[in-house]
Amino acid sequence: MAIYCIMAPRMYGKRRVLEAYRGGDSPLVAIQQFVEIHGLPDPNQVKRLSQEVALPEAEVRGVLSYYSDLNQSSEARICIGTSCVLAGAKDLFAAASKRTPCRSVYCVGFCDRSPAALRSDDRVVAMNGHPSVEPLLELSVPEPARPAIRSVSNQTIVTRRIGRGDFSDLQAARADGAYETLAKVRRMRPEDVLSAMEQSGERGRGGAAFPTGTKWRRCAEVDSDSKYVIANGDEGDPGSFIDRVLMEDDPHCILEGMAICGHAVGAQEGIVYIRSEYPRAIERMKGAVQAAGAAGLLEDFKPSIVPGMGSYVCGEETAMLNAIEGLRGEVRLRPPYPVVEGLFGKPTVVDNVETLVNVPWILERGSAEYAALGTKASPGTKALCLNHGFANPGILEIEFGRSLRDVIQRDAGGAARGHKLEAVLIGGPMGSVALPSQWDVPICYEAMAQRTLKLGHGGLVAVPEGTNIRALFLHWIEFMAEESCGKCVPCRLGSRRALELAQTARVANSLPQLERLFDVMAQGSLCAFGQQMPGPMSQMLRYFGDRVLE
């Protein structure tokens with residue numbers, strides 16, 4: 001308690017400084033623009049820049065040293081997310097480094113056609129199992145085709161538009177019903193909207209699965225002169241790309257969901273935070289905001305776009321709040337939770353993109369119809385992402401309750417090229433490793449949790465027979481060590497110590513040390529990154545220990 005009392009005045013003092021920002025460019029965006037024009041600032045420029053963004057000089061220096069995009073020149077970005085690594089991305093990166101300036105990133109969101117990369121002109125190159133440096137150098141490269149999108153649900157909700165084409169144009173979106181539900185909701189009492197969301201049973205699709213209606217209710221109950229709604233588009237889990245496709249091809253549905261949330265909780269400002277590795281999504285969302293605003297469809301709800309700067313941990317909601325405020329993307333202690341004290345110290349709802357896309361459908365068709373889909377504890381549908389290692393990669397919308405085995409063997413067609421699967425990685429590096437003996441489980445939060453499986457964001461990555469398990473294990477630990485925000489000791493030092501042990505591994509003595517270390521990290525880390533990443537790595541040690549530490 002004494003520590004809190006000492007820290008509290010400093011925290012709230014910082015909040016008062018930050019509240020000088022009122023709807024203009026985010027401090028982080030302003031810093032990025034400065035670096036793009038002038039390069040990294042010298043000490044005198046840091047002083048002037050700190051005055052421009054209303055942040056202390058120490059904060060500006062911290063930001064400049066934290067975000068990878070601020071310390072890299074414009075160059076090709078080779079994805080080394082898990083799906084791309086399994087498709088030869090590390091060899092591609094080594095070969096490309098000899099011929100053109102490039103750097104590695106996690107992840108560009110084309111896991112269904114791995115390996116993938118972003119050229120220096122931000123054009124995507126998706127190589128679909130055939131890594132080659134040439135597409136990075138050619139003058140003209142066609143844009144990748146849209147992913148295969150299918151639904152096996154009785155009701156298609158998340159993919160109802162993107163499964164039929166591109167609805168980023170306002171006219172096309174309105175012809176398909178965009179913003180009609182928002183107009184209806186504006187005639188409803190906020191209390192009725194909150195009740196409908198609670199009765200629907202929708203749970204957040206970003207991984208935590210917290211009930212959406214409960215989150216909205218808690219924010220609505222806080223008395224404040226201003227509130228925020230944030231769409232979390234920092235989809236960083238390797239294997240997931242549904243949010244990218246939604247932001248590119250159905251951005252107006254996201255804005256409609258945000259505006260409905262704003263009406264329910266009393267927020268008039270919204271922000272869509274999008275990872276910098278999604279340049280097309282950034283442009284599409286910016287265009288949607290401008291078009292919807294010009295048409296007066298959002299009325300007094302004012303959304304804006306804030307791009308990320310290259311930090312996986314900024315997908316965690318409190319780290320994202322810090323990023324938007326122009327601070328280092330480090331997690332915050334909770335409580336207080338964002339619904340009480342979030343962006344600039346104000347009540348804030350942070351919802352995943354897919355979560356928000358469900359909202360207009362729920363309010364249009366009714367909470368009872370939505371709750372009738374899926375299972376009692378996990379209502380509705382879920383968009384799963386299938387990587388290039390499956391015979392039928394792409395996006396698959398299912399009702400909760402469908403068997404994981406049916407998805408893998410029937411819908412995804414098993415492994416690509418007739419191979420057998422040793423395992424499937426579910427939910428990215430903070431998810432789970434599922435062996436074939438574990439596939440007879442319904443895809444829903446409770447049933448999977450009972451079998452120590454996590455759905456996460458719903459990305460599935462195939463692990464075919466013959467995979468170098470040790471290389472995959474080292475890749476995950478390297479990812480954890482590189483992307484830790486550094487806020488807490490168990491994650492910051494534990495990840496680096498784990499990497500040291502794994503790199504010099506000997507089965508006799510390293511396995512017990514790694515298991516103890518992962519346990520300490522899981523119990524002592526501040527956020528889900530440090531708490532959950534040890535889980536799948538511990539599973540790999542249990543399932544493939546002899547091959548991991550060979």
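Is L549 buried or exposed? L549 counts as buried, because its relative accessibility is 2% and buried means under 20%. Keep in mind as you explore that this is a predicted model. Below you will meet two open sheets, one of four strands and one of six, followed by a helix, some individual residues and the cavities.

**The sheet of four strands**

- Let's begin with strand order: this open sheet runs β2-β1-β3-β4, and its pairing is mixed.
- The edges belong to β2 (102-105) and β4 (124-126); each has a single partner strand, so one side of each is left without a neighbour in the sheet.
- On average, neighbouring strands here are turned by 25° against each other, direction ignored.
- As a bit of background, strands of a sheet pair through backbone hydrogen bonds, either parallel or antiparallel.
- Strand β1 (residues 76-79) pairs with β2 in the parallel sense, over four bridges.
- To find this pairing on your screen, look for C79, which stands opposite V105 in β2.

**The sheet of six strands**

- The second open sheet follows the order β5-β11-β10-β14-β12-β13, again with mixed pairing.
- Its edge strands are β5 (149-151) and β13 (432-434), and each of them pairs on one side only.
- The average turn between neighbouring strands of this sheet is 25°, direction ignored.
- At one edge, β5 pairs with strand β11 (residues 394-399) in the parallel sense over three bridges, and I149 stands opposite I395 in β11.
- Strand β12 (residues 421-426) is mostly covered, with six of its six residues buried.
- β12 has an antiparallel pairing with strand β14 (residues 459-464) over five bridges, and another antiparallel pairing with β13 over three bridges.
- L425 is a handy residue to follow here: it stands opposite V461 in β14, and its bridge partner in β13 is V433.
- β12 and β13 form a hairpin with five residues between them, and G427 in the turn has a positive phi of about 80°.

**Helix α18 and its surroundings**

- Which residues of helix α18 (residues 404-411) are buried? They are L404, R405, V407, I408 and D411.
- These buried residues pack against β5, β10 (381-386), β11, β12, β13 and β14.
- At the start of α18, a side-chain oxygen of S403 comes to within 3.1 Å of the backbone nitrogen of R405.
- Just after the helix, G413 takes a positive phi of about 75°.

**A closer look at R275**

- You will find R275 in the loop between β7 (269-274) and α14 (279-294).
- With a relative accessible area of 2%, R275 is buried, because buried means under 20%.
- Its side chain reaches the backbone oxygen of C107 at 3.2 Å.
- Leaving out residues up to four places away in sequence, R275 touches Y106, C107, G233, D234, E235, G236, I282 and G308.

**A closer look at D249**

- D249 lies in helix α12 (residues 242-249) and counts as buried at 5% relative accessibility.
- The side chains of D249 and R284 are joined by a polar contact of 3.3 Å.
- Setting aside neighbours within four places in sequence, D249 is in contact with R146, I162, G165, D166, F167, S168 and R284.
- From D249 to A220, the distance is 30 Å between C-alpha atoms, and the two residues are 29 residues apart in sequence.

**Back to L549**

- L549 has its place in the segment after α24 (534-548).
- The C-alpha atoms of L549 and C253 are separated by 47 Å, and these residues are 296 residues apart along the chain.

**Cavities**

- How many cavities of 30 Å³ or more does a search of the whole structure find? The search finds three.
- The largest cavity holds about 50 Å³ of space.
- Its lining is made up of V313, V331, S484, C485, C488, C491, S525, L526, C527, F529 and G530.

How values were computed
Residues numbered from 1 in each chain as written. Predicted model: local features only at pLDDT ≥ 70, side-chain atom pairs only at ≥ 80, totals over all residues. Heavy atoms only, no water. Buried < 20%, exposed > 50% of the residue type's maximum accessible area, 1.4 Å probe, protein only. Polar contact = N/O pair within 3.5 Å; in protein donor to acceptor, adjacent residues only side chain to side chain. Contact = heavy atoms within 4.5 Å. Pairing = 2+ DSSP bridges. Axes fitted to C-alpha atoms, helices over the stretch in contact; angles between N-to-C directions. 1 Å grid on protein atoms, 1.4 Å probe; cavity = no way out; pocket = protein on both sides within 12 Å on 5 of 7 lines; lining within 4 Å. Points joined across faces, edges and corners; volume = space filled by probe spheres on them.
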